[in-house]
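Colleague: Could you walk me through one part of this model up close, and then show me what else is worth a look? Keep it relaxed, I'm a bench person.

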Amino acid sequence: MDKVKIRGRDYRDLTAVEIHAAGGLISDIRPLPQDDSLPILAPGLVDLQVNGYAGVDFNRCPIEEESVLGVTRHLWRQGVTTFLPTVITNGDEEITAMVAAIASARRRFAPVGQSVAGIHLEGPFISPEDGPRGAHDKTFVKAPDWTLFQRFQRAAQGNIRLLTLSPEWPQAPAFIRRCVAEGAVVSLGHTAADARQITAAVEAGATLSTHLGNGAHLLLPRHPNYIWEQLAQDRLWCAMIGDGEHLPMSVLKVFMRVKGARGILVSDATSLAGMPPGRYRLHIGGEVTLSPQGRLSMADNPQLLAGSARSLLYGVNTLIRQGLATRRAAWDMASVRPSALLNLPTRHGLNIGAPLDAVALRQDRQGELTVLAAYQRGGCVWRDE
Ligand SMILES: [Zn+2]
């Protein structure tokens, strides 16, 4: 078995350590004399919502298997060693073809097999209402359908690990029970559900809210409403887009305080993430503008966001910069916590027995973290030259 040694400072308390790995697993962590010149070592980031990256779109049929490998490599540079390609509402044939292509890429390319922990299917069983539906195509929105979901899951070779749906459909509780029994994590999102429906979904086994506070009506009754109801459900974890655009800092702060250790960051990155600024045409959304600062908006109405073009690392840095979380807490929200929700081997982080999926980081005086190297199953997969 390959043996590896990495020296650095543990991201939790900055103590200098030497991490030993054998066969891809951490076998020992030994203390070193303190040395502040060493990079910071942290578990690799885990992104539950990646719609695409660097021009690759997981929602445009057909998906080239090589392009999944390309996204995997791009994300290493941003510190992400685990992610869920996210396929949204589309025609049944299109969804079937796209999840099949991602599953094939997992089998065909070892790095994809290691980085892609599964597929996030966001839709088509969501709210048909304008607002909660977001940019999802209404033509393809439908009630939860177990036979159809099994068809998707067969095409995906069982890789659909996370399913976002709206519990406003009468079929939802029974459907959620079957999904959970088969090992999928069910998340509530793009929903106009009432309190009773949300409670029924949680009792049926739903455990997450998808990008809470986005994919919602512009105006809501002050109370009750589906944001309060999901916040108040202690069993629901909460995924938040931390790009600094989708949620005001005050909302992020409150969600984080309420959810505590069940707060998770996602990027919800689209195909334009990692692309140079400019004007682009998206097959969902039409003409959009990507600003030099990374804000993605509608070309004819810059007030309206057209999705996220920022990495998960940007979200972590936003929380640190805004003083909403310590380095450790912000990092955990985007690494070990999403791993714990999905019960992945990486949930143990930098501890003996866990896979050595890690990143080496530099932190500047403002607290900004940049990635120097990424390691997967003990091996260095990317290094900033
Ligand atoms: Zn969404």
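Modeller: P277 sits in the loop between β14 (263-266) and β15 (278-282). The model is a predicted one, and in it P277 is partly exposed, with a relative accessible area of 48%. Setting aside residues up to four places away in sequence, P277 touches L290, S291 and P292. As for T289, that residue is 12 places from P277 in sequence, and their C-alpha atoms are 7.6 Å apart in space.

Now to the zinc ion. Its protein donors are E122 through OE, and H190 and H211, each through NE2, at 2.0 to 2.1 Å from the ion. Written as a sequence pattern, the donor residues are spaced E-x67-H-x20-H. H190 is in the loop between β11 (185-188) and α6 (195-204), while H211 is in the loop between β12 (208-209) and α7 (226-232), so this pair ties together parts that are 21 residues apart in sequence. Both H190 and H211 are buried.

Next, the nonpolar interior. The largest nonpolar core has 94 residues, and F149, V316 and W331 are the ones with the most contacts inside it. Helix α2 gives the largest share of this core, six residues. Apart from that core lies another, of 15 residues, including L208, W237, A239 and I264. Take W331 by itself: leaving out neighbours within four places in sequence, W331 is in contact with Y11, A42, P43, L45, L313, V316, V359, L361 and L369.

Two of those partners, L313 and V316, are among the buried residues of α9, along with L312, G315, N317, T318, L319 and I320. Helix α9 (residues 312-321) has eight of its 10 residues buried, so it is largely enclosed by the rest of the structure. After α9 comes G323, which has a positive phi, near 70°.

Back to α2, then. Helix α2 (residues 92-108) packs against helix α4 (residues 146-155) at an angle of about 30°, and their axes are 7 Å apart. Angles under 35 degrees count as roughly parallel, and α2 and α4 are therefore roughly parallel to each other. On the α2 side the contact is made by D92, E93, I95, T96, V99, A100 and A103, and on the α4 side by L148, R151, F152 and A155. Sorted by class, that contact has seven nonpolar, one polar and three charged residues.

Conventions:
Residues are numbered from 1 along each chain as its sequence is written. This is a predicted model: local features need pLDDT of at least 70, side-chain atom pairs count only at pLDDT 80 or more; totals for chains, interfaces and linings use all residues. Side-chain values use heavy atoms; hydrogens and water are left out. Axes are lines fitted to C-alpha atoms, for helices over the stretch in contact, and angles run from 0 to 180 degrees between N-to-C directions. Helices (H or I, at least four residues) and strands (E, at least two) are DSSP runs, numbered from the N terminus. Angles under 35 degrees count as roughly parallel, over 145 as roughly antiparallel, 65 to 115 as roughly perpendicular and the rest as oblique. Contact means heavy atoms within 4.5 Å. Ala, Val, Leu, Ile, Met, Phe, Trp, Tyr, Cys and Pro count as nonpolar, Asp, Glu, Lys and Arg as charged, and the others, Gly among them, as polar. Buried means under 20% relative accessible area, exposed over 50%, partly exposed in between (1.4 Å probe, protein chains only). Donors are N, O and S atoms within 2.8 Å of the metal (3.2 Å for Na, K and Ca); water is not among the atoms, so sites may look incomplete. A nonpolar core is a set of buried Ala, Val, Leu, Ile, Met, Phe, Trp, Tyr and Cys residues joined through side-chain atoms within 4.5 Å.
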